[in-house]
Amino acid sequence: MLLIAASACSSTSNEVPPPSHISAENGDENRVARNAGVQPSATPTPTESSPSPSPSSSTPTTPAPVKPTTIIEKPKTNPTKTSDKTTGVPKGTKLKKHEGELIVSEAGKVIDGLEVRGSISVRAPNVTIKNTRVIGVKELRTGLIASRSTGLKVQNSEIYSTHRNPNTNGVMGSNFILDGVEIRDVVDQVHIHGAGNVTIKNSWLHSNIHYANDPNWGGGPSHDDNIQIVSGSNIVITNNRLSGSYNAAIMITQDDGKVSNVTIKKNRINHGGCSINLSPGSKGNMSNLKIHDNGFDSNQRVKYCAIIGPRAYASSLNGNYWIANGALASLSDGGS
């Protein structure tokens, strides 16, 4: 463990296969292929370690498929240029290795050019992590980066685990910005809880870890998401590429508290049962929710289900479309 302080230095008929077997999308083959040799542990079991937010109790509602018929214009192209070439550590960057947990407790600290074989816990404000690779090498019940303060920025970095297990996530917490980040080979790439104040942009979240028999879900399938929001306000998700999840690309519940002021725009989104799942539960309406100008690929487990949620959220959607044919991607009815 290294402490950096002020004085320190340093199932349906159209079900898709689990994410580890999903073919790479155009332009993504190289990074997906290099992970092909990483295998999951034989029998995942819960471990005794520090607590973390429990998996969401909310599960996707299965709607009746609604075939898209409204053509809003000619087929559109990719809504974002985000890809393997625009995310992660820039080619040619020399990285200094650090083994174990890195605890950052110095305000304004800049972490630049590290390869951390462990995890990073940020406990001071206004920390920047850039041009850095974080590699999980053991099972954690937390994120490979844990945001425990305010003002965290993660830029042009890669986050993944080589020890595949049902507990480790990518980035967890609140009060952070991800820009140009690649996160893969974890359960949830991003898990937002607490106050919120999160921006995820220009990033590539893909290749979730999934188990058909997950001990965290009573032996049922993993509920892996690219982004899970369980509480918080002031959240922006834009210009990202999201794919490879079994449960949802973006799962929004209020399991830990109210959710409000969420904007999801101009992303390329694929996979999940339904790609975006809005599940407010018993805490009432999620106010000021905006989902617009997102392009959807069509590999959802529930056919034609880009977005599912209560009918009340229909007015929150605008200009979302299926990339293949330009058809309107409307709200699938998840109830009142």
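Start by selecting strand β22, residues 276-279. Both of its faces are covered. Ile276 and Leu278 are buried on one side, and Asn277 and Ser279 are buried on the other. Keep in mind that this is a predicted model.

**The neighbours of β22**

Keep β22 on screen and add strand β19, residues 248-253. The two strands pair in the parallel sense, over 4 bridges. Now pick out isoleucine 250: its bridge partner in β22 is isoleucine 276.

Next, add strand β25, residues 307-309. This strand runs parallel to β22, and 2 bridges join them. Which residue of β25 is the bridge partner of isoleucine 276? Select isoleucine 307 to see that partner. Isoleucine 276 therefore has a bridge partner in β19, isoleucine 250, and one in β25, isoleucine 307.

**Zoom out**

Show the whole protein as a cartoon. The secondary structure comes to 1 helix and 28 strands. Of the 336 residues, 54% are buried. Switch to a surface view: about 14,000 Å² is exposed, and carbon and sulfur atoms supply 49% of that area.

**An aromatic pair**

How many aromatic pairs does the model hold? The count is 1. Select phenylalanine 296 and tryptophan 322 to find the pair. Their ring centres lie 6.0 Å apart, with 55° between the planes, and the pair is tilted. Phenylalanine 296 belongs to strand β24 (residues 295-296) and tryptophan 322 to strand β27 (residues 321-322), so the pair ties together parts 26 residues apart in sequence.

Are these two residues buried or exposed? Phenylalanine 296 is buried, with a relative accessible area of 0%. Tryptophan 322 also counts as buried, at 5% relative accessibility.

**Arginines over rings**

Go to tyrosine 160 and show arginine 184 with it. The arginine lies over the face of tyrosine 160, 3.8 Å from the ring centre. Then move to tyrosine 246. Here arginine 301 lies over the ring face, at 3.8 Å from the ring centre.

**Last stop: asparagine 169**

Select asparagine 169, in strand β10 (residues 169-173). Asparagine 169 counts as buried because its relative accessibility is 9%, under the 20% cut-off. What does its side chain reach? Look for the backbone nitrogen of aspartate 188, at 2.9 Å.

Now display the surroundings of asparagine 169. Leaving aside neighbours within four places in sequence, its contacts are Thr142, Gly143, Leu144, Val186, Val187, Asp188 and His191.

Terms used
Residues are numbered from 1 along each chain as its sequence is written. This is a predicted model: local features need pLDDT of at least 70, side-chain atom pairs count only at pLDDT 80 or more; totals for chains, interfaces and linings use all residues. Side-chain values use heavy atoms; hydrogens and water are left out. Rings of Phe, Tyr and Trp (its six-membered ring) pair if their centres lie within 6.5 Å; planes under 30 degrees apart count as stacked, over 60 as edge-to-face and the rest as tilted. Buried means under 20% relative accessible area, exposed over 50%, partly exposed in between (1.4 Å probe, protein chains only). A charge sits over a ring if NZ of Lys or CZ of Arg is within 6 Å of the ring centre and within 35 degrees of the ring normal. Accessible areas come from the Shrake-Rupley method with a 1.4 Å probe; for residues, only the protein chains shown count as cover. A polar contact is a pair of N or O atoms within 3.5 Å; within protein, one must be able to donate a hydrogen and the other to accept it, and residues adjacent in sequence count only if both atoms are side-chain atoms. Contact means heavy atoms within 4.5 Å. Two strands pair if DSSP finds at least two bridges between them.
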